[in-house]
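Hi,

Here is the structure I said I would pass on. Have a look at it first, and my notes follow below.

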Amino acid sequence: MLSDELSPAQSPGNKSESRMFNGVEKDCPSPTEKLARKESLKLQKQNYRQEKKRAARELCSALKDPSVVIMSNWLKIRGSLKSWTKLWCALKPGVLLIYKTPKADQWVGTILLSACKLIERPSKKDGFCFKVYHPLDKSIWAFKGPKGENVGSITQPLPSNYLIFRAASESDGRCWMDALELALSCSSLYKLTAKGGKEGDIITSSESSHILHLLQLNDSVLLGNHHMEHDGFSDKSEREAHDDWDTAANENGGRLTEESDMDQSDELSPGPQATAYVEQSTEEMAEAGEASLVETVSEENKGLIWTLLKQLRPGMDLSKVVLPTFILEPRSFLDKLSDYYYHADLLSQATLEETGYGRIKQVLRWYLSGFYKKPKGLKKPYNPILGETFRCCWLHPQTDSCTFYIAEQVSHHPPISAFYICNRKDGFSINGSILAKSKFYGNSLSAILDGKARLLFLGRDEEYVITMPYAHCKGILYGTMTLELGGKVTIECEKTKCFTELEFKLKPFLGGSCSVNQISGKICVGEELLATIDGHWDNEVFINEKRSGQQETLWNPSSDIRSSRLKRQVVQIDQQGEFESERLWQHVTSAIMDRDQLRATQEKFVLEEAQRGEAKERGEKPWSSQLFHQDPVTSEWTYRHMDTRPWDPERCLVQFEKDGVVQTHEKNQRQHNGLSYSHSWASQQKVSQTKVKDIALIEASITSIQKTQQDIQRIMSDLEYVFVLLVKRNMFPKFKQSCLS
């Protein structure tokens with residue numbers, strides 16, 4: 001009877017269910033059809049979520065199971081700058097994992113093979129090359145590592161939309177291609193490794209959640225980074241997934257550097273946009289001893305020297321004198337100042353010393369490590385141009401960190417060079433400035449480095465103030481032209497009362513070869529003398545402990561030490577700014593290397609004239625430094641972006657540099673114009689982790705309550721709709737009677 005009453009043909013309210021659409025009368029679906037459609041959509045969404053979680057569970061199991069490896073071995077991978085790096089590659093169903101070592105503890109990156117193509121690549125070199133690439137030039141990298149890593153280990157920059165591999169032999173290369181073809185075509189292999197749980201079980205582990213993010217983010221890449229049309233996020237898990245999506249889009253994707261290639265246009269991998277560094281290929285370094293400090297001047301150059309000397313008088317400042325190019329070392333003074341940081345790992349070790357005496361002794365060892373690297377003969381670096389900058393870095397394999405060096409010429413008259421060195425992860429930074437002065441004394445001249453470097457141990461809040469020796473050149477008019485270091489220098493820490501004094505001794509008039517490059521000094525704590533120092537600054541230096549009476553080697557730049565020192569990373573010249581040292585002086589350097597003194601002089605004159613023209617245009621307007629600012633009280637120059645906070649391993653991910661700005665990529669941060677600003681900086685509040693967890697629990701509870709309220713409101717709305725419909729059709733009494741019966 002009830003069904004007859006609900007029949008559309010007999011219902012008196014049938015016309016009320018018709019509406020006008022674009023001038024055409026159409027029937028609306030009945031409440032029963034709406035309810036059925038809604039239930040069907042709800043079931044589809046539930047199946048959709050379960051399918052995503054099932055795929056995440058299967059892939060997570062494949063990544064975590066050490067037995068599920070199709071193939072693994074060493075392969076050479078070509079970086080964005082066409083240099084090759086040997087990395088450990090592990091091929092699993094659907095993914096290719098790249099590590100620094102076979103131990104799989106230093107993850108570099110993960111390639112998602114689901115959208116990749118494979119092709120053999122011809123090569124002139126030995127071995128066998130093949131290429132994995134995205135056909136639409138999209139990123140092939142996963143946003144997180146197999147253990148949830150946000151940032152990969154530091155390597156050379158790698159392209160974002162392809163990788164070129166080199167196997168040792170053709171047979172190995174063919175084997176890799178067959179394995180990759182299998183992984184590309186049989187992406188369902190990882191289903192065999194899914195363990196435990198019924199289909200549709202909800203995954204709550206952290207490993208599975210980051211795999212779920214990986215799958216979601218890869219979908220966005222395949223769709224050209226356009227988000228899928230959402231359905232209103234009908235449940236909590238959908239809303240959380242969307243929030244995680246937005247958060248992960250700002251987190252690091254395992255790449256430290258900007259990625260580019262010579263023959264393809266690449267897009268940057270997600271994460272901090274950092275400068276692309278490459279290992280320095282060549283450098284000049286003389287041997288220890290007197291022979292490397294002697295310069296033999298040709299007859300042609302002697303004439304140039306005499307012409308120059310006619311313009312000078314004893315005691316004259318040489319900063320405004322144009323020197324001949326044959327005595328120039330083909331690099332800038334800003335570059336030369338970086339010689340002190342090839343052994344920056346000694347400072348990393350110093351931060352771990354328990355006593356103040358142990359730390360200053362290690363600081364002294366590092367200080368001595370900066371002098372043995374010198375050019376052959378008597379050479380002077382270029383005088384930097386105002387506004388000239390130089391940057392480089394050194395990778396620390398033992399601590400998986402990086403020491404960054406930033407320098408800028410902040411004044412031309414007088415010539416002042418400011419510099420900043422930082423390795424927050426290892427706990428030290430250095431800030432300083434040097435005023436270079438030159439004095440002519442007739443048959444000799446001295447280059448005085450007037451200034452201080454302030455070494456700060458971040459975790460201990462200890463500052464070491466360091467001074468520099470002067471360089472002395474003699475034998476200009478007669479005798480052999482020789483370069484030496486002289487003067488007294490100090491290293492002092494006010495907090496620990498540790499004090500070191502060193503004296504660089506000039507060779508006496510009647511001294512032999514053993515008296516060249518001599519050094520002596522002492523280490524004191526307060527008024528107590530703890531040790532004395534003696535030796536040669538370019539060779540072996542000994543320390544004599546006063547308490548124990550023992551003598552040991554403090555520093556010795558042996559061949560093993562030289563070969564094992566940190567490798568300097570530099571910016572390729574085509575990626576440098578127009579005022580960066582190597583690019584600025586490239587034509588002068590090229591002429592000097594070609595031994596074309598005339599062309600070198602002409603190119604140097606062009607730079608000097610350009611600088612004079614800029615100074616004339618600037619007029620009385622003061623010049624402003626981009627990277628450093630001057631203290632109006634002490635007149636010392638300080639790095640504008642200096643960060644002296646100790647490294648927090650729970651928050652800090654990686655330190656990087658972009659456009660001369662050294663930054664730290666942290667968890668839960670947003671990026672704006674290439675700079676990172678964390679929520680704690682924006683609010684300037686220090687909230688403990690316990691409070692953060694409490695707040696998160698409260699927010700989750702509020703969200704759950706709000707969701708329950710929304711569900712109740714939807715149910716009440718549906719019931720109200722049914723009630724109104726029954727009343728409108730005069731069916732409520734019969735419906736009530738039917739329910740009672």
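Which residues are exposed on the other side of helix 13? They are Leu598, Lys616 and Glu617, where exposed means over 50% relative accessible area, buried under 20%, and partly exposed in between, with a 1.4 Å probe and protein chains only.

Before the rest, some housekeeping. This is a predicted model, so to speak of local features I needed pLDDT of at least 70, and side-chain atom pairs count only at pLDDT 80 or more, while totals for chains, interfaces and linings use all residues. Residues are numbered from 1 along each chain as its sequence is written, and side-chain values use heavy atoms, with hydrogens and water left out.

Back to helix 13, residues 597-618. Helices (H or I, at least four residues) and strands (E, at least two) are DSSP runs numbered from the N terminus. With 22 residues at 1.5 Å each, the helix should span 32 Å, and its end C-alpha atoms are indeed 32 Å apart; the expected span is 1.5 Å times one less than the number of residues. Its buried residues are Ala600, Lys604, Leu607, Glu608 and Gln611. Seen down the axis, these fall within an arc of 95 degrees, so they line one face of the helix (the arc is that of the directions from the helix axis to the C-beta atoms). Their cover includes strand 12 (328-332), helix 11 (581-584) and helix 12 (586-593). Gly619 follows helix 13 and has a positive phi near 65 degrees.

Now the cores. A nonpolar core is a set of buried Ala, Val, Leu, Ile, Met, Phe, Trp, Tyr and Cys residues joined through side-chain atoms within 4.5 Å. The largest one has 57 residues, and Trp366 and Tyr341 are among those with the most contacts inside it. Helix 9 (residues 356-368) gives the most to this core, seven residues. Leaving aside residues up to four places away in sequence, Trp366 touches Tyr340, Tyr341, His343, Ala344, Leu346, Leu347, Ile430 and Ile466, contact meaning heavy atoms within 4.5 Å. A second, separate core of 27 residues includes Phe128, Phe130, Phe165 and Ala179.

Last, some strands, which pair if DSSP finds at least two bridges between them. Strand 3 (residues 71-78) and strand 4 (residues 84-92) are antiparallel over eight bridges, with Ser72 bridged to Ala90. Five bridges join strand 4 to strand 5 (residues 95-99), also antiparallel, and in the two-residue turn of that hairpin Gly94 has a positive phi of about 90 degrees.

Cheers
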